[in-house]
Amino acid sequence: MEPHNWTDIIAENRDVAPGGLWRPRDCLARHRVAIVVPYRDRESHLKVFLRHMHKFLQKQELDYGIYIIDEALPTRFNRAMLMNIGYAEASKQANYSCYIFHDVDLLPEDDRNIYNCPEQPRHMSAAIDKFSYKLPYYGIFGGVSAFKKEHFNLINGFSNKFFGWGGEDDDLYERTRFHKLKLTRYSMKIARYKMIKHNNEPLNRPNPKRMTLLYSGKKRFKTDGLNSLKYQRLDLQKRPLYTWVHVNITE
Ligand code: UDP
Ligand code: BGC
Ligand code: MN
């Protein structure tokens with residue numbers, strides 16, 4: 001991937017409003033969609049992601065905003081908690097009906113992969129190049145997922161307890177099933193993504209407790225999630241191509 005500088009990327013996207021907001025000019029979009037991205041120190045990914053996503057979402061004529069939730073050091077990375085924070089912060093900014101939780105390194109390849117929220121939660125990133133465009137296992141719910149606001153509330157969001165890599169998306173799948181929601185997917189031809197190559201960061205190493213947490217998750221669905229979310233918002237800036245939310249969390 002050729003390197004790009006921010007000035008050029010911003011110039012390519014002059015019609016995006018501060019905070020990373022865009023809506024079609026000549027029609028009323030059916031959905032207001034918040035794209036929530038868990039983030040720390042992946043600037044090169046962020047550039048590629050924004051260059052790709054703004055154009056991609058605009059072709060779909062969506063009314064959307066991009067929220068980058070940046071976890072301060074030194075706490076271990078907590079992807080799930082950043083999603084909950086993104087949900088809470090985006091909700092304060094606008095009346096979104098649909099939330100798409102999105103890794104920064106995943107790029108949708110097919111324009112038929114519509115970024116809306118259907119009647120049931122949708123696992124968007126079913127076919128990733130890293131997994132040879134196959135589902136590694138049926139219940140995988142990582143990468144990119146889409147929830148209507150009311151459903152995300154119903155399941156109490158993600159768990160806040162998964163620090164480090166792994167398991168949090170499996171817990172989300174269990175919450176979804178527990179609440180009698182059905183996980184849906186586009187066909188494997190449509191749900192295709194490229195993952196930008198990366199190593200696993202020291203503060204996002206596989207969490208040795210992830211399986212224990214996962215197996216005991218059910219007893220916490222009601223008490224661990226959106227309704228127990230605690231964080232400190234250090235900053236919020238409406239940058240040209242995204243809303244940046246800098247947060248501190250503790251383990
Ligand atoms: N992430 C990040 N900085 C980190 C670790 C993770 O921004 O130090 C975010 C980023 O959005 C990334 C996601 O968390 O895509 C999931 O982490 P990772 O890509 O390492 O997991 P994978 O799904 O590739 O195993
Ligand atoms: C982890 C998930 C992850 C999946 C694919 C599983 O073992 O628990 O969090 O999404 O592997 O990498
Ligand atoms: Mn990745």
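The exercises below, each followed by a worked solution, deal with two ligands, a pocket and two backbone features in a predicted model.

**Exercise 1.** Describe the surroundings of ligand 1, beginning with its shell and ending with its polar contacts.

*Solution.* Begin with the shell, which holds 14 residues, the closest being Pro38, Arg40, Val104, Asp105 and Trp165. Sorting this shell by class gives six nonpolar, two polar and six charged residues. Next, look for pairs of N or O atoms within 3.5 Å, the cut-off for a polar contact. A side-chain N or O atom of tryptophan 165 is 2.8 Å from an oxygen atom of ligand 1, and for aspartate 105 the distance from a polar side-chain atom to a ligand oxygen is 2.9 Å. Glutamate 201 also qualifies, with a polar side-chain atom placed 3.4 Å from an oxygen atom of ligand 1. Finally, consider the cover: taken on its own, ligand 1 has 510 Å² of accessible area, and the protein covers 91% of that area.

**Exercise 2.** Which residues surround ligand 2, and what polar contacts do glycine 167, aspartate 169 and aspartate 170 make with the ligand?

*Solution.* The first step is to list the shell, made up of Phe131, Tyr137, Ile140, Trp165, Gly166, Gly167, Asp169 and Asp170. By class, these residues divide into four nonpolar, two polar and two charged. The second step is to separate backbone from side-chain partners. Glycine 167 takes part through its backbone, a polar atom of which is 2.9 Å from an oxygen atom of ligand 2. Aspartate 169, by contrast, uses a polar side-chain atom, at 2.5 Å from a ligand oxygen, and in aspartate 170 a side-chain N or O atom is likewise 2.5 Å from an oxygen atom of ligand 2. The last step concerns cover, and here the protein takes up 77% of the 320 Å² of accessible area that ligand 2 has on its own.

**Exercise 3.** Where do ligand 1 and ligand 2 sit, and what lines the largest pocket?

*Solution.* Place the ligands before turning to the lining: ligand 1 sits in the largest pocket, and ligand 2 sits there as well. The volume of this pocket is about 920 Å³. Its lining comprises 42 residues, and those nearest the pocket centre are Arg79, Asp103, Trp165, Glu168 and Asn204. Trp165 therefore deserves attention when the lists are read together, as the residue is also named in the shell of ligand 2. In terms of secondary structure, strand 2 (32-39), helix 5 (168-178) and helix 6 (210-215) each contribute at least two lining residues. A count by class completes the description, with 19 nonpolar, eleven polar and twelve charged residues.

**Exercise 4.** Locate the cis peptide bond between leucine 73 and proline 74, and then the positive phi value of aspartate 41.

*Solution.* For the peptide bond, read omega, which is about 5 degrees between leucine 73 and proline 74, a cis arrangement. Proline 74 belongs to the loop that runs between strand 3 (63-71) and helix 3 (79-93). For the second feature, turn to phi, which is near 50 degrees in aspartate 41 and is thus positive in a residue other than glycine. Aspartate 41 is found in the loop between strand 2 and helix 2 (43-59).

Key: Residues are numbered from 1 along each chain as its sequence is written. Chains are lettered from A and ligands numbered from 1 in the order in which they are written. This is a predicted model: local features need pLDDT of at least 70, side-chain atom pairs count only at pLDDT 80 or more; totals for chains, interfaces and linings use all residues. Side-chain values use heavy atoms; hydrogens and water are left out. A residue is near a molecule or strand if one of its heavy atoms lies within 4 Å of it. A polar contact is a pair of N or O atoms within 3.5 Å; within protein, one must be able to donate a hydrogen and the other to accept it, and residues adjacent in sequence count only if both atoms are side-chain atoms. Accessible areas come from the Shrake-Rupley method with a 1.4 Å probe; for residues, only the protein chains shown count as cover. On a 1 Å grid over the protein atoms alone, a cavity is a set of points where a 1.4 Å probe fits but cannot get out, and a pocket is an open set with protein on both sides within 12 Å along at least five of seven lines; lining residues have an atom within 4 Å of a point. A molecule sits in a cavity or pocket if more than half of its atoms lie within 2 Å of its grid points. Ala, Val, Leu, Ile, Met, Phe, Trp, Tyr, Cys and Pro count as nonpolar, Asp, Glu, Lys and Arg as charged, and the others, Gly among them, as polar. Grid points are joined across faces, edges and corners, and a volume is the space filled by probe spheres set on the points. Helices (H or I, at least four residues) and strands (E, at least two) are DSSP runs, numbered from the N terminus.
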